[in-house]
Amino acid sequence: MSGWVKDSATLNNLAQATISFYRQKDSSVVKYQFNDSRGRFNIGGLPLDTGLILTVSYIGFKPYKKQFRLSASQAMIDFGKILMTESNQLLDEVIIKPPPMVMRGDTLEFNADAFSTEKNAVVGDLLKRLPGVIIWGDGKITVNGKKVSQVMVEGKIFFSGDARIATDNLPKGVVDKIQVIKDKSTEERDSAQTVTLNIALKKGKKSGVFGKVGGGVGTDKKYQGDLMLAGFSPKSQLSVAGNLNNINKAALSVQEMMVNSSYRSGATFSTFNEPGFRQQGLTEMKSGGLIYNTDWNKRLKSRAEIIAGNNNFKNNELYDVSTLLTDSVLLRQSAKTTRNSGYSNRETGNVTYADSIFNQIDINVDVRYNNDLYKSFENATISSSSAGLLSKNFSDNNQRVVSNNFNAGISYAHRGDTRKTSHSSKEDFYIDYNYDRNRSNSDGWYKNEFQPFNNADTATYFNRKTQRDTKTSAHKLYAEFTSLNALLKLRTRTKFFVQNQLYYQQKQEDVAVSDFDMQTNSYSLKIII
C-alpha cells in the first residue's frame, strides 16, 4: 500500500503522520507506521481477502479513513494524495479509536490498548509488542537502537528507579500510553543518545497495590521464603520486602528483593533466582527493609530506604593428599572448619527541592553499620608409610570487624532562562559538597602450633592478638560552570566549560600487637603504631 499525505489547504507534505491498518471485523490492528519526511508511505504484507480499514492520523487534523479489500488479482493499491483537513478539536476527541502510535513534538507515544497481549500480561509483555523496542536478557531496554536511561511512571521515579520493578509488576491493563522522550541532557552530536520511557496510567488506575509471597522447602533441611508488598498513589510510594533462606541466595537491597519478587512472564537474567550451590559452604541469610517515597508538594520530594540483615556462613573441608616417594608414601590429612557471621544495616535518604526549572537543591544522607565475626580452625597431620606420624599442626584464627560509615552531601544547580532562545536549556553552574566519615575497629586473635615428632627442636608456638582502629574523614567540593559559550558569546558547536574540585582527607590509624607469654599466661604488648 502506498500514498502521499498532504494538507488540503496548503498542499504541504505532512510528515510523521500515523498510518494504521485495521480489520473491519473486530477493529484489531494489522500494521502501522509513520510516513516519511516527504509525507509518503509504502507498506506491504497485508492479508488478502480480508476487509481492512486504512486510517491516517495527524495531530490537529481530522482522521482519514478508507475501507478496502485486497485479492490475488489486486494485491496492491496506491491511495495517491490523501488530503487532510484541519480540525479545531483535539486528536483524542475526534478519533474514537486512537492510532497505535503518534508523534507529539519530540515524544513518541504508543497507545497501549492498540496492542493485544495475554490476559495476565505485564508492562514488559506490552513493550515486547511495540515496534523498535527490545528488552535484552540483562533487563536493559532500547528503543530504535537508543538506550533507555530510565523508566518512569506518571513522570516520576518508580520506587528505587530500577526499570524491572515497573515492567515486571504493573499489569498491562492499567497502562494508557507508553511515551518515549529524548533525554534533554543528551547532546545532538552524541552517538550514545539516550531516551526516557514514561508509563502513563489510565484514569482511576493511578493508585494500586502489588506484591508476592513465596516459600519452599527441600531435602537436608533446605528452605527459602520471600515477601514483597508495595503500594503507590499519585503522591507516595511504599514498599516492604524481606527474605530468608539457607541456600546461598543473597539480597543486599530492597530494590533487589523487589526485582526478584515479580510476575514476569518471560525468562529474565537473575542470579538471585538461582541458589548459589557452586559456592563453597552454606550461607543462611535473613534480610528485610522498606522504601518510602513521597511528594510533599510540587517543589519538595523525598526518598528513604532502610535495610537490615544478618548472615551465617558454615564450611567444612577435608583433605587427604598422598605423595608417592621412592620408598614410601607421604600422606597429608587436613580438617578445616570456617564459621562466619555478620549483621548489617543501612539507611539512605534524599530530599529534593526545585522551585522551577531554574533552581534545584539536593540533600543526600547514607548511614551504614557492619558487625562481622570470622572464625576458622584447622587440624593437619603429615605421616609416612615407613616412619609413621611425622608432624601435627593446629591453627585457630578469630577476627571481629565493626565499621561505621556516614556520608552526607548537598548540591545546588542553577539553569539559565533560555525559553526565549533557540538553544536548549543548560546549567549555568553546579555546586556539590560531600562529607564522608568512616570508622573501623578490628580485633584479631591468631594461634598456630606446630609439633614435629622427628625433631622436637623445630617445634613452634605462635599466639598473637592484634587491635586496629582506623578513622577517616574526607571533604569534597566540586563546582562546574557550563555557560562559557554564552558568556563569551561564542558561536561554535564546541562546548566550553570550567570544572574545579577540592578534596581534603584526614586519616588516623592505631595498631597494637600483643604476643602471648606462656610464663605469665597473659598477652604482653609488643608493638604500638
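The side chains of Asp 515 and Arg 464 are joined by a polar contact of 2.7 Å, a convenient place to enter this predicted model. Asp 515 belongs to strand S26, which covers residues 498-517. With a relative accessibility of 18%, Asp 515 counts as buried, because the limit for that class is under 20%. Leaving aside residues up to four places away in sequence, the contacts of Asp 515 take in Asn 463 and Arg 464 as well as Ser 522, Tyr 523, Ser 524 and Lys 526.

Strand S26 also contributes to a salt bridge. Glu 509 pairs with Arg 468, and their closest N and O atoms are 3.0 Å apart. This pair links distant parts of the chain, since Glu 509 sits in strand S26 and Arg 468 in strand S25 (residues 460-481), 41 residues apart. Both partners are partly exposed: Glu 509 has a relative accessible area of 36%, and Arg 468 has a relative accessibility of 40%.

Altogether, the structure holds 13 salt bridges. One of them brings together the side chains of Lys 206 and Glu 154, at 3.0 Å from N to O. Here too the pair links distant parts of the chain, 52 residues apart: Lys 206 lies in the loop between strand S15 (194-201) and strand S16 (208-217), while Glu 154 lies in the loop between S12 and S13. Lys 206 is partly exposed at a relative accessible area of 29%, and Glu 154 is likewise partly exposed at 31%.

A further salt bridge forms between the side chains of Arg 368 and Asp 366, with an N to O distance of 3.4 Å. In this pair, Arg 368 counts as partly exposed at 36% relative accessibility, whereas Asp 366 counts as buried at 13%. Arg 346 joins these two residues in a network of salt bridges.

Turning to a buried lysine, Lys 172 is placed in the loop between helix H3 (163-167) and strand S14 (175-182). Lys 172 counts as buried because its relative accessibility is 13%, and the class requires under 20%. A polar atom of the Lys 172 side chain lies 2.9 Å from the backbone oxygen of Phe 115. Beyond residues up to four places away in sequence, Lys 172 touches Ala 112, Asp 113, Phe 115, Thr 117, Ala 121, Val 122, Val 123 and Leu 126. The C-alpha atoms of Lys 172 and Glu 118 are separated by 9.2 Å, although the two residues are 54 residues apart along the chain.

The backbone also has some points worth a look. Most residues other than glycine have a negative phi. Against that background, Phe 159 shows a positive phi of about 55 degrees without being a glycine. Phe 159 is found in the loop between strand S13 (156-157) and H3, and it is buried, with a relative accessible area of 0%. Asn 144 has a positive phi as well, near 55 degrees. The place of Asn 144 is the loop between strand S11 (141-143) and strand S12 (146-153), but unlike a buried residue it counts as exposed, at 55% relative accessibility.

A positive phi also appears in the hairpin of S2 and S3, where 5 residues lie between the strands and Ser 27 has a phi near 65 degrees. Strand S2 (residues 18-23) and strand S3 (residues 29-34) run antiparallel and are joined by 5 bridges. Within this pairing, Thr 18 stands opposite Phe 34 in S3.

Elsewhere, 3 strands form an open sheet with mixed pairing, in the order S4-S1-S7. Strand S4 (40-42) and strand S7 (78-84) are the edge strands, each pairing on one side only. From one strand to the next, the twist averages 20 degrees. Strand S1 (residues 2-7) pairs with S4 in the antiparallel sense over 3 bridges, and Trp 4 has Arg 40 in S4 as its bridge partner.

Finally, a word on confidence. The protein chain has an average pLDDT of 86, and 88% of the residues score at least 70. Over residues 91-95 the pLDDT falls below 50, and this stretch has 11 contacts in the model beyond near neighbours in sequence. Residues 186-191 also stay under 50, with 9 contacts beyond four places in sequence.

Key:
Residues are numbered from 1 along each chain as its sequence is written. This is a predicted model: local features need pLDDT of at least 70, side-chain atom pairs count only at pLDDT 80 or more; totals for chains, interfaces and linings use all residues. Side-chain values use heavy atoms; hydrogens and water are left out. Two strands pair if DSSP finds at least two bridges between them. Helices (H or I, at least four residues) and strands (E, at least two) are DSSP runs, numbered from the N terminus. Buried means under 20% relative accessible area, exposed over 50%, partly exposed in between (1.4 Å probe, protein chains only). Contact means heavy atoms within 4.5 Å. A polar contact is a pair of N or O atoms within 3.5 Å; within protein, one must be able to donate a hydrogen and the other to accept it, and residues adjacent in sequence count only if both atoms are side-chain atoms. Axes are lines fitted to C-alpha atoms, for helices over the stretch in contact, and angles run from 0 to 180 degrees between N-to-C directions. pLDDT is the predictor's confidence in each residue, from 0 to 100. A salt bridge is a side-chain nitrogen of Lys or Arg within 4 Å of a carboxyl oxygen of Asp or Glu.
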